[in-house]
Amino acid sequence: SYTVTYDLSSPNASTSNSATMTVNTAGTATFTTVALNNVGPTTITITSITSTIEGLVYKTTYDGTGNANNKATIKVSPISIGGTATATTSTVCSGSGTTISLTGSTGTIQWQQSADGNTGWSTVTGGSGGTTASYKTPNLYTTTYYRALVTSGACTSAISTVATIMVSTIPASPGIITGLDAQCVGATTQIYSIAAVANATNYSWSVPAGTGWSITKGQGTNA
């Protein structure tokens, strides 16, 4: 093995650092630097390499004239942060889409989708903005889950929170309203209804303005 002495430039400036260098194959060796804690390009300059063979110390010293063979620049990136995914509308009607925004992330973005929110995550298909902080989904027909895979430089990727887009099925067309179509003055407690509508979750009833009539109960139901 060898002992390598090296300097680091700002923003991780330090001098006379040393590390053990291991030769893996002829002409190729590796060593690990001290921690690079500050974001930004950092140049490593090897100043000497020392080895001991049969009790004799051999040392190669590099001068500071800028010989490119003893220098390397490393890009130090911030840690990947997944951030928070938020949908403009979390429940859409079948055949409609929505927009999902990502906040608080660090790194490049790749949106992913899943049918169940746990498995089968894959790169989004359709829509627009799949690598931006604002992704517009295609028209959806089943509930779909979205998240962002965020990668900063060579750092391990991070995953955002999951945005769930619920898809409501379009209700069937309502049928005919049943009930009296002629009323006496002062009559009360008149009941009108329609047959339950498939996929409907709420019913909204109204009466013409200025008639003196009002809905006293049953709003939200089919009768």
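Helices and strands here are runs assigned by DSSP, numbered from the N terminus, with at least four residues for a helix and at least two for a strand. Keep in mind that this is a predicted model.

**Exercise 1. Work out how many helices and strands the protein has, and why it counts as more spread out than a compact globule.**

*Solution.* Start with the elements: there are 15 strands and 0 helices. Next, take the radius of gyration, which is 34 Å. For 223 residues the globule rule gives 17 Å, and 34 Å is well over that, so the protein is more spread out than a compact globule. Finally, look at the C-alpha trace along its principal axes: the spans are about 120 × 30 × 25 Å.

**Exercise 2. Describe what is buried and what the protein exposes.**

*Solution.* First, the inside: 24% of the 223 residues are buried. Then the outside: about 13900 Å² is exposed, and carbon and sulfur atoms supply 54% of that area. Now add the charges. The protein has 6 positive and 5 negative ones, and their mean positions lie 10 Å apart.

**Exercise 3. Find the largest nonpolar core and say which strands give it two or more residues.**

*Solution.* Begin with the members. This core has 16 residues, and those touching the most other members are A85, I100, L102, W111, Y146, A148 and I165. Move on to the strands: two or more residues each come from strand 7 (84–87), strand 9 (99–103), strand 10 (108–114), strand 13 (144–151) and strand 15 (163–168). Last, check elsewhere: a separate core of 8 residues includes V4, Y6, M21 and I44.

**Exercise 4. Pick out what is unusual about the backbone at S10, P11 and S16.**

*Solution.* Here's the background: most peptide bonds are trans, and most residues other than glycine have a negative phi. Now go to S10 and P11, which are joined by a cis peptide bond with omega of about 10°. P11 sits in the loop between strand 1 (2–8) and strand 2 (14–25). Next comes S16, in strand 2. Its phi is positive, near 55°, though S16 isn't a glycine. Is S16 buried or exposed? The cut-off for exposed is over 50%; S16 has 58% relative accessibility, so S16 is exposed.

**Exercise 5. Place T201 in the chain, and decide whether T201 is buried or exposed.**

*Solution.* Step one: T201 belongs to the segment after strand 15. Step two: its relative accessibility is 78%, so T201 counts as exposed. Step three: compare with P171. The two residues are 30 apart along the chain, and 8.5 Å separates their C-alpha atoms.

Note on methods. Residues are numbered from 1 along each chain as its sequence is written. This is a predicted model: local features need pLDDT of at least 70, side-chain atom pairs count only at pLDDT 80 or more; totals for chains, interfaces and linings use all residues. Side-chain values use heavy atoms; hydrogens and water are left out. The radius of gyration is taken over C-alpha atoms; the globule rule is 2.2 Å times the number of residues to the power 0.38. Buried means under 20% relative accessible area, exposed over 50%, partly exposed in between (1.4 Å probe, protein chains only). Accessible areas come from the Shrake-Rupley method with a 1.4 Å probe; for residues, only the protein chains shown count as cover. Lys and Arg count as positive and Asp and Glu as negative; His and the chain ends are not counted. The place of a charge is taken as NZ of Lys, CZ of Arg, CG of Asp or CD of Glu. A nonpolar core is a set of buried Ala, Val, Leu, Ile, Met, Phe, Trp, Tyr and Cys residues joined through side-chain atoms within 4.5 Å.
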